[in-house]
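Please walk me through this structure in plain paragraphs. I would like to know how its parts are held together.

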There are 2 protein chains.
Amino acid sequence: MKSSKKNIGAESGAKKLTPQREAVFKVIVDREDHPTAGEIFEAARQRLPSISYATVYNSLRYLKEAGLVQEIRFGDSASRYDGITDRHDHAICNECGKLVDFDLPQTAQLMQAAARKSQFKPESVHLTLRGLCADCREYQ
Amino acid sequence: MKSSKKNIGAESGAKKLTPQREAVFKVIVDREDHPTAGEIFEAARQRLPSISYATVYNSLRYLKEAGLVQEIRFGDSASRYDGITDRHDHAICNECGKLVDFDLPQTAQLMQAAARKSQFKPESVHLTLRGLCADCREYQ
DNA sequence: TAGCGATTTAGAATTAGTCTAAATCCAGAT
DNA sequence: ATCTGGATTTAGACTAATTCTAAATCGCTA
């Protein structure tokens, strides 16, 4: 149950994914929006009609643990998944909920300071900007 | 539905809350942890035995919109509520899930830069640190 | 005090996600 | 080629969180 497969995202076995995990992964990477598990299920079904919901969740857990995707969760109901695994930040539109990636390198530099303030041993930092996306600000 | 009550957290009508909303608000403010809706329901019930779950959720929505509390949502299942309404940041323990408040003023200064990168009209920024809390790092 | 909008209530409904147990798959041993 | 055990997949039941609904109640203001 603890598993010993650490060689997933590494140089060697990048092709060891099962067809289901592969399909789930492809769905996430192929779209620049950040699909929910439900959306991933629908899309994966296109390629692999027999795939089940449970398998999507199993695959997502697996891919997350393998560091191939990232789970993002904000005020809305469902988690979203992001295929960009480099450190980056997110902007969420308060009007339409759109989620946009961006990278503000300064964020990473705040990690030590944040660790000091919080007394945590730091592992990652993430900045969230809330506001109005380009589309929504037009109509304000 | 859009409502025009902007005078809630302001100087004037800080006492306009209904008993239920008051109770929910007090629960959140009186504890320094970040209770879930379920925990708030249990605690509010102590003061107001007839309060219902739906009212807790209604009150939470109301208080959020009034700017009196903040909803926080991370990888776990349930949303948590925070009575500190000044801008601040959060650290979450990857081991035990503990949630700690801190303020890194530099974060606020990144808002314009983040807005530029994301093309958003900015409204708020928030930094999330993940790592190990003081308790958990002892056992690593 | 009658009427009206806002609020509260209980419980049903919905949604996201997890669990379970049986079926299937696959790699290595025979 | 066949057997076997572990990992994976599947359908569907289950759980937990949250929202919805419709009736009851509250608190004004006319």
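A:K26 counts as partly exposed, because its relative accessibility is 36%. The model in which this residue sits is a predicted one. The side chain of A:K26 meets that of A:E22 in a salt bridge, with N to O at 3.4 Å. Both residues belong to helix α1 of chain A, residues 19–30, where they are four residues apart, or about one turn of the helix. A:E22 has a relative accessible area of 18%. The cut-off for buried is under 20%, so A:E22 is buried. Side chains of opposite charge can pair when their charged atoms come close.

A second salt bridge in chain A joins the side chains of A:E39 and A:R80, at 3.8 Å from N to O. Here the partners come from separate elements: A:E39 lies in helix α2 (residues 37–47) and A:R80 in strand β2 (residues 80–82), so the pair ties together parts of chain A that are 41 residues apart in sequence. A:E39 is partly exposed at 31% relative accessibility, and A:R80 is partly exposed too, with a relative accessible area of 26%.

A third salt bridge links A:D89 and A:R87, whose closest N and O atoms are 2.8 Å apart. Is A:D89 buried or exposed? A:D89 has a relative accessible area of 0%, so this residue is buried. A:R87 is partly exposed, with a value of 29%. The two are also part of a network, in which salt bridges that share partners join A:R87, A:D89 and A:D103. Over all chains, the structure holds 18 salt bridges.

The strands of chain A come next. β3(A) and β4(A) pair in the antiparallel sense, over four bridges. One of the residues involved is A:H90, whose bridge partner in β4(A) is A:D101. The hairpin of these two strands has five residues between them, and A:G97 in this hairpin takes a positive phi near 80°.

From here the text turns to the contact between the chains. How many residues does each chain give to the contact? Chain A gives 41 residues and chain B gives 42 residues. Between them the two chains bury about 3300 Å², and 64% of this is on carbon and sulfur atoms. On the side of chain A, the residues that lose the most area to chain B are A:R73, A:F120 and A:L129, which together make up 22% of what that side buries.

The salt bridges described above are within chain A, while the count of salt bridges between chain A and chain B is zero. Polar contacts do occur there: 14 residue pairs, with both residues at pLDDT 80 or more, are in polar contact between the chains. Several elements of chain A give two or more residues to the side that touches chain B, namely β3 (89–93), β4 (99–102), α4 (105–109), α5 (111–118), β5 (121–132) and α6 (134–138). β5(A) gives the most, with 12 residues. By type, the residues on this side of chain A divide into 21 nonpolar, 11 polar and nine charged.

Which strand of chain B pairs with β5(A)? The partner is strand β5 of chain B, residues 121–132, and the two pair in the antiparallel sense over 11 bridges. Within this pairing, A:R130 has B:S124 as its bridge partner in β5(B), and A:S124 stands opposite B:R130.

B:R130 also has a neighbor in its own chain, since B:I92 stands opposite B:R130 in β5(B). Strand β3 of chain B (residues 89–93) pairs with β5(B) in the parallel sense, over four bridges.

The last element to look at is helix α5 of chain B, residues 111–118, in which B:M111, B:A113, B:A114, B:A115 and B:S118 are buried. What covers the buried residues of α5(B)? The cover includes parts of both chains: β3, β4, α4 and β5 of chain A, together with α4 (105–109) and β5 of chain B. After α5(B) comes B:Q119, whose phi is positive, near 70°.

Definitions and conventions. Residues are numbered from 1 along each chain as its sequence is written. Chains are lettered from A and ligands numbered from 1 in the order in which they are written. Side-chain values use heavy atoms; hydrogens and water are left out. Contact means heavy atoms within 4.5 Å. Buried area is the accessible area (1.4 Å probe) that two parts lose on being put together, summed over both. A salt bridge is a side-chain nitrogen of Lys or Arg within 4 Å of a carboxyl oxygen of Asp or Glu. A polar contact is a pair of N or O atoms within 3.5 Å; within protein, one must be able to donate a hydrogen and the other to accept it, and residues adjacent in sequence count only if both atoms are side-chain atoms. Ala, Val, Leu, Ile, Met, Phe, Trp, Tyr, Cys and Pro count as nonpolar, Asp, Glu, Lys and Arg as charged, and the others, Gly among them, as polar. Two strands pair if DSSP finds at least two bridges between them. Buried means under 20% relative accessible area, exposed over 50%, partly exposed in between (1.4 Å probe, protein chains only).
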